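Visitor: I would like to learn how to read a metal site and its surroundings in a model. Where do we begin?

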Amino acid sequence: VKQDGRNGLRFYAPDMQKNSERALSLATALKNAMVNGELALAFQPQLDLQQGSVTGAEALLRWQHPEWGFVSPGEFIPLAEQNGLIVNIGWWIVDRVLEQLNRLQQSGFENIVIAINVSAVQLAQPDFVARLQQRVAASGVPASRLELELTETVAMLNPEHTGEQLATLSAAGFRISIDDFGTGYSSMSYLKRFSVNKLKIDKSFIDDITDNHEDKAIVNAIIQMAKSLGMSTIAEGVETEAQLTRLRNKGCDAIQGYWFSRPLFEADFHAFIKSRH
Ligand code: C2E
Ligand code: CA
Ligand code: CA
Ligand code: CA
């Protein structure tokens with residue numbers, strides 16, 4: 001390394017190149033991941049704090065590459081959004097979730113609701129709503145057993161259009177939740193007009209909820225606002241019993257997080273629900 005007074009650059013440049021090379025190879029490999037059977041869904045159970053039972057789960061995408069091993073969705077989902085692959089992957093997820101809901105029904109769990117993450121690119125497809133309705137109708141699964149998670153940012157990108165899409169989906173029976181609530185920008189007036197059933201309080205407010213005064217205040221405010229707007233609340237990233245107790249005492253409806261369960265593959269997921277039944 002030459003001492004030219006710009007060490008920072010010299011150290012950073014190869015790293016950045018490595019990162020973009022990795023991004024490129026990941027994006028290319030992702031094209032084949034679906035057909036090669038490298039993608040799978042994990043299901044993270046959600047606990048209803050009133051009933052004390054599992055009422056739902058969030059479907060989370062997992063990618064196991066034969067050489068690189070597990071690749072985090074936090075890394076590959078943004079790539080799939082950039083190159084549009086998320087559209088096909090998204091339909092693959094919908095189909096797997098519908099199969100899963102059918103299998104749960106066959107096992108006697110006909111009330112479990114599964115939430116899927118919907119990205120802006122998917123929602124921007126003109127036929128998104130129609131195709132979703134078609135697939136759900138063909139599967140025989142009631143739309144009310146599917147929940148669509150949208151972040152505030154996604155919902156607010158094109159609020160007029162999204163509002164119409166959500167109204168149609170809601171009228172068809174789908175559940176709608178706002179993901180990572182509190183971290184993005186959302187207009188309260190849109191929130192009121194949107195057909196939203198549930199606010200998912202972001203993990204960043206939950207992490208220090210037992211000590212941090214501001215986080216306590218924010219979470220209380222979200223719960224109260226949701227109640228007055230007729231929406232339910234779920235806290236994400238709950239890792240301790242102290243967090244759970246606080247949330248329950250403040251009237252939060254449900255939790256999701258490592259305290260209750262990590263995301264589980266199908267067999268473990270079914271065993272988990274059975275053990276909690
Ligand atoms: P997200 O929607 O906020 O998902 C929650 C993330 O928090 C998941 O990470 C989950 O495994 C993790 N998590 C859950 N409970 C805890 C906890 O108690 N402690 C900690 N430390 N983490 C917890 P994951 O699976 O790595 O997903 C990361 C993000 O990738 C998701 O954030 C979501 O934005 C995106 N993603 C995952 N699956 C999909 C998918 O199927 N479609 C789309 N569009 N995005 C997805
Ligand atoms: Ca989510
Ligand atoms: Ca989050
Ligand atoms: Ca989330």
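Guide: Begin with burial: a residue is buried under 20% relative accessible area, exposed over 50%, and partly exposed in between. This is a predicted model. Asp-180 has 24% relative accessibility, so Asp-180 counts as partly exposed.

Visitor: Is Glu-236 buried or exposed?

Guide: Glu-236 has a relative accessible area of 13%, and is therefore buried.

Visitor: Which residues coordinate the calcium ion (ligand 3)?

Guide: A donor to calcium is an N, O or S atom within 3.2 Å. Here Asp-180 (OD), Asp-202 (OD) and Glu-236 (OE) coordinate the calcium ion (ligand 3), at 2.1 to 2.5 Å. The spacing of these donor residues in sequence is D-x21-D-x33-E. Asp-180 belongs to strand E6 (residues 175-181) and Glu-236 to strand E8 (residues 232-236), so the pair ties together parts 56 residues apart in sequence.

Visitor: Which residue coordinates both the calcium ion (ligand 3) and the calcium ion (ligand 4)?

Guide: Asp-180 does, and the two ions are 3.4 Å apart.

Visitor: Which residues are the closest to ligand 1?

Guide: They are Gln-44, Leu-61, Arg-62, Glu-239 and Tyr-258, out of 19 residues that surround ligand 1. As for polar contacts, Asp-180 places a polar side-chain atom 3.3 Å from an oxygen atom of ligand 1. Glu-58 also has a polar side-chain atom 3.3 Å from an oxygen atom of ligand 1. With Tyr-258, a backbone N or O atom lies 2.8 Å from an oxygen atom of this ligand.

Methods
Residues are numbered from 1 along each chain as its sequence is written. Chains are lettered from A and ligands numbered from 1 in the order in which they are written. This is a predicted model: local features need pLDDT of at least 70, side-chain atom pairs count only at pLDDT 80 or more; totals for chains, interfaces and linings use all residues. Side-chain values use heavy atoms; hydrogens and water are left out. Donors are N, O and S atoms within 2.8 Å of the metal (3.2 Å for Na, K and Ca); water is not among the atoms, so sites may look incomplete. Helices (H or I, at least four residues) and strands (E, at least two) are DSSP runs, numbered from the N terminus. Buried means under 20% relative accessible area, exposed over 50%, partly exposed in between (1.4 Å probe, protein chains only). A residue is near a molecule or strand if one of its heavy atoms lies within 4 Å of it. A polar contact is a pair of N or O atoms within 3.5 Å; within protein, one must be able to donate a hydrogen and the other to accept it, and residues adjacent in sequence count only if both atoms are side-chain atoms.
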